Amino acid sequence: MAAHPLSLLLILLLGVLLPCGDSKFIAYNTSHGVVPGKLNVHLVPHSHDDVGWLKTIDQYYVGSNNSIQGACVENVLDSLVTALLSNPDRKFIYVEQAFFQRWWGDQSEIIQGLVRKFISSGQLELINGGMCMHDEATSHYIDMIDQTTLGHRFIKNEFNLTPRIGWQIDPFGHSAVQAYLLGAEVGFDSIFFARIDYQDRAKRKDEKSLEVIWQGSRTFGSSSQIFAGAFPENYEPPPGGFYYEVNDDSPIVQDNIKLFDYNVPDRVNAFVEAAIAQANITRTNHIMWTMGTDFKYQYANSWFRQMDKLIHYVNLDGRVNALYSTPSIYTDAKHAASESWPLKTDDYFPYADRINAYWTGYFTSRAGLKGYVRMMSSYYLAARQLEFFKGRNESGPTTDSLADALAIVQHHDAVTGTEKQHVSDDYAKRLSIGYKEAEEVVAASISCITGSGCGSSITKFEQCPLLNISYCPPSEIDLSQGKNLVVVVYNSLGWKREDVVRIPVLSENVVVRDSSGKEIESQILPLANAYVGIRNYYVMAHLGKIPAVTPQYWLAFSASVPPLGLSTYFISKANRKASTSMQTLFKATGSATDTIAVGPGNLKLIYSENEGKLVGYINTRSRINASMEQSYRYYTGNDGSADKKVIPQASGAYVFRPNGSYPIKSEEQGAFTVLRGPVLDEVHQRINSWISQITRVYKGKEHAEVEFTIGPIPIDDGQGKEVVADITTAMKSNKTFYTDSSGRDFIERIRDYRKDWHLEVNQPVAGNYYPLNLGIFMKDDSTELSMLVDRAVGGSSIVDGQLELMLHRRLVHDDSRGVAEALNETVCAFDKCAGLTVQGKFFLRIDPLGEGAKWRRSFGQEIYSPFLLAFTEQDGKEWTSPRVSTFSGLDPSYSLPDNVAMITLQELEDGKVLLRLAHLYEVGEDKDLSVMASVELKKLFPNKKISSAEEMSLSANQGRAEMEKKRLVWKAEGSPQGAKAARGGAVDPAGLVVELGPMEIRTFVISFL
Ligand SMILES: [Zn+2]
């Protein structure tokens, strides 16, 4: 080390310090560990580096755009190296792998060598370990797993380490899935966070119950437990002046008695005082000080210099013991105390940081971005399957850049919609770039699988990422010249599946054939004028051009596709029209009392002709006959100006603070159009000049699909608006409803009630909102009504018998949480800008009591994974098939059990395969499907010979058995709750059958001979 250039630099630096008067070098003693019997103050130096928020991730990394926020992550990590080198007692944790990996790649071998030493000695600990600190309300559990895996596997490969600690210090409320899935199942020993409801926090401080054993899963009971610590206030240093960034105004420790302002006794007293205050609300004699906050340690030594002194002088004083620590050291100390901790179940939603400030608006903020993230998440899952079937090509294209973009956008200021507009645009750009490359992988794989050419001579299969705005150039072709349109339909689910494909076409004279040449039933629906307008505007906004042609029709047909497989359909010109939809316009006459039944199958939606609205729901098979209404409303965003005695609070990107609710009455006097046909029925309704919807009922399905188009939300009255859809029934739901946790477990919610404390209700609407990723349901003594969603949204049941979803919000005030922009998304094209229009879907169904889970779980998978469509053209009068027109990646006789989904199938860099299987049901959720399931691995890989299937932790960075052996076991107060979890047994290497108990997710790395 002597000849090391850095050491030389340090010697020079120290040399500069020496000539100050008569002062002499003080060797600070900072080597203290935990001292039994004393109050131990664990100083945990950290920097909270948002992976995009006010600046983009790259701006934060290099430190550009500093007029917005002076923040440079390179400075943090660069300065850390010298700071850690100059005192081996100093410790630091680093969290965000997206930044760390950028930096790591930029370092010389010398610096990398030093950092490896810091990491192996424990001076620098990589914790949490995902690419970002993901959100927990608006991130889907599959995305949370993927982004964590990406970071964890890098840490494993580069440093041979597995992070031990969850560090979710900034997300705005905490999900049960985070605790048990991304915590316990990842192998974490503890998880720490800051943001819990202010009323909850006050009570927990009183009862010394900020630190708990969190049992996030009903199904897994005590085996899902994790030690969870909520900080007393935030993730910053305690009150008392302990901030040490260069410009911070906390008093520095001045210990040179030759200089003025010597203050050691004063600072030691302040330290001891703050420590005792925290000890008074904490169990055991260990407390943690989070020494840092957002983008701190840009000159790391300015913090460490002060902490060196504090530790030295506080320990000379002797009243408390101060030490450099990490959350791992702290966790081990807590564990060693052999204490029993309060038990916490469920989750920490919703979050309010003070009166009237419920952070429930972000459940819906940037509904367009949220929809895009979900669409890309599903595409990534399918694209990895297709990449595996073709064989991963290390020289590219690959799905890796989509993986990276998706990981980053799970950050708690990304998919949440709480970033500045330019940052939101940056996330969307990254997704789009990742998609483009993944699209090439998909097209090449489909060409290969269908025998249309592999390697260099591939047939070009095009896709339609803008199908949601009715734009699909490859399907909008003129078939009159004898061309055939080939549609390849890929199903990424492990089950055979029938679903309706809808594509825009130019002519109604078309015929659809399957791969055997048999004509199949199809239906032509008109493309409504309103949608042509949106199509043209958004194609111009996204692509900078006007579409070359305008299709007049949608073609709908039912496709049947094998598990993890594809089917091919051929569309060609016909001399006669395809089945055209019978179209009827109903105009409220004010006199008729007739009703109309809509739906070609078992489900009938009943509309009142007179009022032009939905009035009933009938399922002829399950004998459900219920009254049902659907309507739209908006809340006006409060501007906070009437707040006098409390801090003013406006509705904004984070906070939902309504100021009244207003029904949206149809301007068209209830006129609506019904289209009927052999495949589906549609009801077209123009709700007002900025909301329209199409309700679809399919022949073979027993749910209704509502496609809403909302926007531009008018704000010319100066009022922000938050638009909700209501479904109203006569159900006696008794204040109770159920919402999913990160797309997985359902949690019971009771209006105006919290299990953990007596709720003081000051926001009767916003305080009852919960995040939805899968959906929401309610029940009475005979039926249950479920609503499922296609992206993250907020939802609630504010009135018995009614469910509401917040679908879009546009606001004119900032809500004072730092983003400093009103959530007012606009889109510009044709030299004008208008508020963002959002199009999306929700789905609803009523089942007999106890039978709804099947639909929520299996159809929930279908929503998450819609068919992937790829198109090519063929010339010639006769349709000719690609050589392979149907394909399944599984053994032809096999499909996954109804209660199991394959949530990851990915070829790794080394040719091994990462496989994740997820049981979809909780214990007791369904009488037939909440049971042990089994999957035959051999049948998942029919053309390969498996040499080993190693079971891994959820993030695939360590063997499962090794992880379970290491994990700390904690004691919870009271008797253990819940039955012992049923988990699948070890996998026999010969039989290779994987068992899965309810809610179990099992992760394997599979090697082949
Ligand atoms: Zn943050």
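**The zinc site and helix H12**

In this predicted model, the four donor atoms around the zinc ion make angles of 93 to 159 degrees with one another, so the arrangement comes out as irregular. A tetrahedral label would need all angles to lie between 85 and 135 degrees, and the range here runs up to 159 degrees. The protein donors themselves are His48 (NE2), Asp50 (OD), Asp170 (OD) and His412 (NE2), sitting 2.0 to 2.1 Å from the zinc ion.

Along the chain, these donors follow the spacing H-x1-D-x119-D-x241-H. The two histidines tie together distant parts of the chain, being 364 residues apart. His48 belongs to the loop between strand E1 (40-45) and helix H2 (57-62), while His412 is in the loop between helix H13 (400-408) and helix H14 (421-449). Both count as buried because their relative accessibility falls under the 20% cut-off: His48 has 1% and His412 has 0%.

Next comes helix H12, which covers residues 367-390. At 1.5 Å a residue, its 24 residues should span 34 Å, and the end C-alpha atoms are indeed 34 Å apart, so the two values agree. Much of H12 is tucked away, with 19 of its 24 residues buried. Just past the helix, Gly391 adopts a positive phi of about 100 degrees.

As for annotation, an unreviewed UniProt entry lists residues 357-431 as "domain: Glycoside hydrolase family 38 central". In the model, that span is 59% helix and 0% strand, and its end C-alpha atoms lie 32 Å apart.

Notes
Residues numbered from 1 in each chain as written. Predicted model: local features only at pLDDT ≥ 70, side-chain atom pairs only at ≥ 80, totals over all residues. Heavy atoms only, no water. Donors = N, O, S within 2.8 Å, 3.2 Å for Na, K, Ca; no water. Tetrahedral: all angles 85-135°; square planar, octahedral: opposite > 155°, others 65-115°. Helix = DSSP H or I, 4+ residues; strand = E, 2+ residues; numbered from the N terminus. Buried < 20%, exposed > 50% of the residue type's maximum accessible area, 1.4 Å probe, protein only. Expected span 1.5 Å × (residues − 1). UniProt positions renumbered as here; feature names shortened; annotations may be inferred.
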